[in-house]
Amino acid sequence: MWPPTYPGTLDIIYRRLREKSLKVDLCTGEVYSLNGKWRKLTHTVCGRNGYHYPSVTIYRFYYRWEHGKKVRVCRRRKIAVHKLVWIAAYGPIPRGYQVHHKDLDRMNPELTNLELLTIEDHHDRHNAVVGVPHADAIW
Ligand SMILES: [Zn+2]
């Protein structure tokens with residue numbers, strides 16, 4: 001097949017959850033990765049909008065041909081833990097939906113605090129809260 005298609009970050013996550021080399025604690029939002037031994041991946045990052053939130057960095061590797069040579073490519077992408085918690089519990093987030101923090105606290109990714117909303121409903125929900133403007137998709 002040419003050009004080849006490479007698995008995206010989400011494909012890697014689905015596969016690693018299936019293979020149980022990625023573990024998500026649905027209560028604390030701690031994410032663990034098995035690579036020889038279990039390692040904690042969750043760390044707090046500061047988003048473009050200035051809010052802190054727990055996140056993990058997922059690495060993916062693939063090969064591609066460059067000038068007749070096989071080159072190993074490494075890509076990494078951050079994913080917010082609340083999305084990972086939702087995915088670990090219920091599977092992929094459908095297109096057009098976002099995962100909302102019911103208590104509006106981005107540092108609280110536990111499953112009971114999360115809710116799946118359409119983008120439109122999500123905007124409405126945030127616009128209804130005075131003093132908490134909608135920023136971007138990490139809510
Ligand atoms: Zn939200």
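Biologist: Which residues touch the most other members of the largest nonpolar core?

Modeller: Bear in mind that this is a predicted model. As a general idea, nonpolar side chains in soluble globular proteins tend to be buried together. Here the largest nonpolar core holds 15 residues, and those that touch the most other members are Val31, Val56, Val81, Leu84 and Val85.

Biologist: Which elements each supply at least two residues of this core?

Modeller: Two strands and a helix do so, namely strand 1 (22-24), strand 5 (52-66) and helix 2 (81-90). Helix 2 gives the largest share of the core, with four residues.

Biologist: Which residues does Leu84 touch, leaving out those up to four places away in sequence?

Modeller: With those sequence neighbours set aside, Leu84 touches Ile13, Val24, Val31, Val56 and Ile79.

Biologist: Let us turn to the sheets. In what order do strands 4, 5 and 6 lie in their open sheet?

Modeller: The order is 4-5-6, and the strands of this open sheet pair in the antiparallel sense. Strand 4 (43-46) and strand 6 (69-80) each have a single partner strand and stand at the edges, so each of them has one side without a neighbour in the sheet. From one strand to the next, the twist averages 50°.

Biologist: How many bridges pair strand 4 with strand 5, and which residue is the bridge partner of His43?

Modeller: Strand 4 and strand 5 are paired over four bridges, in the antiparallel sense, and the bridge partner of His43 is Ser55 in strand 5.

Biologist: Which strands of this sheet do helix 1 and helix 2 touch?

Modeller: Helix 1 (residues 9-18) packs on the sheet and touches strand 5 and strand 6, with its direction at about 105° to that of strand 5. Helix 2 also packs on the sheet, where it touches strand 5 and strand 6, and the direction of helix 2 makes about 95° with that of strand 6.

Biologist: What is the strand order in the open sheet that contains strands 1, 2 and 3, and which are its edge strands?

Modeller: That open sheet of three strands has the order 1-2-3 with antiparallel pairing, and its edge strands are strand 1 and strand 3 (37-40), each of which pairs on one side only. The twist in this sheet averages 25° from one strand to the next.

Biologist: How many bridges join strand 2 to strand 3, and which residue stands opposite Tyr32?

Modeller: Strand 2 (residues 31-35) and strand 3 run antiparallel and are joined by four bridges, while Tyr32 has Lys40 of strand 3 opposite it.

Key
Residues numbered from 1 in each chain as written. Predicted model: local features only at pLDDT ≥ 70, side-chain atom pairs only at ≥ 80, totals over all residues. Core = buried A, V, L, I, M, F, W, Y, C linked by C-beta atoms within 7 Å. Buried ≥ 20, exposed ≤ 12 C-beta atoms within 10 Å, placed from the backbone. Contact = placed C-beta atoms within 7 Å. Pairing = 2+ DSSP bridges. Axes fitted to C-alpha atoms, helices over the stretch in contact; angles between N-to-C directions.
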